[in-house]
Amino acid sequence: MTGRYVVHLPVVARDLPAAQRLARVLACWALVLPRTDPGETTVSAEDAQDVRHRVFCDLPLPEGRRCLLRDGHDGACSRRLGGRRP
């Protein structure tokens, strides 16, 4: 046992893109809480919870933090959700 626990918070969305958008919003809001790791956020269908879809790119950035853009985004990684500012 690692001593870490993961909280699963089920929410309902009409399709995968809507679920990923909702998960991004919730995960970014949770950044105000200590010890949250939004980069590891995934979504899955209720009846296929073993098939998870990443929400964030989560690649490491030069300053040691991680990219917060959607998984599979175009262009350079960024900590800004809009990707407009470095």
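**Group meeting: a buried aspartate, a core and a pocket**

Hi everyone, let me start with one residue: Asp58 has a relative accessibility of 7%, so it counts as buried, the cut-off being under 20%. Do keep in mind that this is a predicted model.

Where does Asp58 sit along the chain? You'll find Asp58 in the segment that follows strand E2, residues 48–54. Its backbone is worth a look too: phi of Asp58 is near 65 degrees, which is a positive value in a residue other than glycine.

Now, on to the core. In soluble globular proteins, nonpolar side chains tend to be buried together. Here, the largest nonpolar core has eight residues: Ala19, Ala23, Ala27, Cys28, Val43, Val55, Phe56 and Leu68. Which element gives the most to this core? That's helix H1, residues 16–29, with four residues.

Let's turn to the empty space. The largest pocket has a volume of about 1500 Å³, and 35 residues line it. If you want to find its centre on screen, look for Val7, His8, Leu9, Thr41 and Thr42, the lining residues that lie nearest to it.

Which elements each supply at least two residues of that lining? They are H1, strand E1 (42–45) and E2. Helix H1 comes up again here, with the largest share of the lining, seven residues. And by class, the lining of the largest pocket splits into 20 nonpolar, eight charged and seven polar residues.

So, to pull one thread together: helix H1 gives the most to the largest nonpolar core and also has the largest share of the lining of the largest pocket. Thanks, everyone!

Notes: Residues are numbered from 1 along each chain as its sequence is written. This is a predicted model: local features need pLDDT of at least 70, side-chain atom pairs count only at pLDDT 80 or more; totals for chains, interfaces and linings use all residues. Side-chain values use heavy atoms; hydrogens and water are left out. A nonpolar core is a set of buried Ala, Val, Leu, Ile, Met, Phe, Trp, Tyr and Cys residues joined through side-chain atoms within 4.5 Å. Buried means under 20% relative accessible area, exposed over 50%, partly exposed in between (1.4 Å probe, protein chains only). On a 1 Å grid over the protein atoms alone, a cavity is a set of points where a 1.4 Å probe fits but cannot get out, and a pocket is an open set with protein on both sides within 12 Å along at least five of seven lines; lining residues have an atom within 4 Å of a point. Grid points are joined across faces, edges and corners, and a volume is the space filled by probe spheres set on the points. Ala, Val, Leu, Ile, Met, Phe, Trp, Tyr, Cys and Pro count as nonpolar, Asp, Glu, Lys and Arg as charged, and the others, Gly among them, as polar.
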